[in-house]
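Hi,

Here is the structure I promised to pass on. Have a look at it first, and then read my notes underneath.

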Amino acid sequence: KGSGLSGLRGIPSVRGHIIRPLSGCPKKTILQFLSENNIPFSIDKTNYGTDYLRNRVRNILIPQIEEIFPSYAKAVTEFGEKVSCADDFIKAAANERVRWERTSPDENSFVTSLESFMSAPDALKVQSIYSCYDIFAKGRGGELPYRFVRTALSGRVPENNGVLLRGYGFVIKRAGNLLVWK
């Protein structure tokens with residue numbers, strides 16, 4: 001549905017205080033264990049319907065994929081691991097190369113070097129904008145569409161006080177040798 005690298009990583013087994021110890025275990029294995037050990041369990045009957053997209057994917061699309069590509073689950077898991085490595089690398093490189101710094105603790109204003117941003121590879125520019133937006137938006141929800149962010153990739157250096165990117169509650173403007181996010 002338009003995910004970036006972070007969304008392609010999959011659901012992590014551990015995130016903060018949430019631990020999913022059986023996330024790597026196939027459902028068949030879990031159900032077999034419960035049955036063999038006479039452990040009662042319940043299944044949400046709505047999971048068998050097709051009212052929700054996730055259920056249509058689970059009940060219609062996945063069986064079709066599994067029929068054509070029997071080892072898809074292993075391939076998807078390995079792909080998620082590869083994407084995780086790439087995502088971690090890009091995030092670290094973007095943070096090192098294009099460092100947005102808060103102008104004051106109580107303000108949603110950030111600055112970075114114009115030169116470091118403009119000379120960075122596009123992947124690092126994009127990641128630096130998303131990272132800064134995550135800090136700026138602080139749980140207010142809403143996603144920043146890539147089609148919006150990519151407008152900052154034109155290579156055009158804004159004039160002094162010129163706008164690099166504007167929308168979604170913020171503006172990135174040039175101020176001398178800096179880019180300022182407000």
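Buried residues account for 26% of the 182 residues in the chain. Keep in mind that this is a predicted model. The accessible surface adds up to about 12,800 Å², and carbon and sulfur atoms own 56% of it.

On the overall layout: I get seven helices and seven strands. Reading from the N terminus, the order of elements is α-β-β-α-α-α-β-β-α-α-α-β-β-β. The chain has a radius of gyration of 22 Å, while the globule rule would give 16 Å for 182 residues, so the chain is more spread out than a compact globule. The C-alpha trace fits that description, spanning about 70 × 35 × 30 Å along its principal axes. If you look at contacts between residues at least 6 apart in sequence, 44% of them join residues at least 24 apart.

Since you will probably ask about charges: there are 26 positive and 18 negative ones, and their mean positions sit 5 Å apart.

Now the sheet. Five strands make up an open sheet, ordered S3-S4-S7-S6-S5, with antiparallel pairing. Its edges are strand S3 (101–102) and strand S5 (163–167); each has a single partner strand, so one side of each has no neighbour in the sheet. As a reminder, strands of a sheet pair through backbone hydrogen bonds, either parallel or antiparallel.

Two of the pairings are worth a click:

- S5 and S6 run antiparallel and are joined by four bridges. Across this pair, Arg166 faces Val171 in S6.
- S6 (residues 170–175) and S7 (residues 178–181) are also antiparallel, again over four bridges. Here Ile172 is opposite Trp181 in S7.

What sits against the S5 and S6 end of things? Try Phe148, which belongs to helix H7 (residues 146–149). Setting aside neighbours within four places in sequence, Phe148 is in contact with Leu165, Arg166, Gly167, Tyr168 and Phe170. Is Phe148 buried or exposed? Its relative accessibility is 13%, and the cut-off for buried is under 20%, so Phe148 counts as buried. For a sense of distance, take Ile18, which is 130 residues away from Phe148 along the chain: the two C-alpha atoms are 32 Å apart.

Last topic, backbone torsions. Most residues other than glycine have a negative phi, which makes these three worth a look if you run your own checks:

- Tyr168 has a positive phi near 55°, in the hairpin of S5 and S6, where two residues lie between the strands. Tyr168 is also one of the contacts of Phe148.
- Asn161 has a positive phi of about 70° without being a glycine. Asn161 is found in the loop between H7 and S5, and with a relative accessible area of 53% it is exposed.
- Asn38 has phi near 50°, positive as well, and is not a glycine either. Asn38 belongs to the loop between helix H2 (27–36) and helix H3 (53–68). At 69% relative accessibility, Asn38 counts as exposed.

Which side of the cut-off do the two asparagines fall on? Exposed means over 50%, so Asn38 at 69% and Asn161 at 53% both qualify.

That's it from me.

Cheers

Methods
Residues numbered from 1 in each chain as written. Predicted model: local features only at pLDDT ≥ 70, side-chain atom pairs only at ≥ 80, totals over all residues. Heavy atoms only, no water. Rg over C-alpha atoms; globule rule 2.2 N^0.38 Å. Buried < 20%, exposed > 50% of the residue type's maximum accessible area, 1.4 Å probe, protein only. Contact = heavy atoms within 4.5 Å. Areas by Shrake-Rupley, 256 points an atom, 1.4 Å probe, with all protein chains shown as cover. Lys, Arg positive; Asp, Glu negative; His and termini not counted. Charge placed at Lys NZ, Arg CZ, Asp CG, Glu CD. Pairing = 2+ DSSP bridges.
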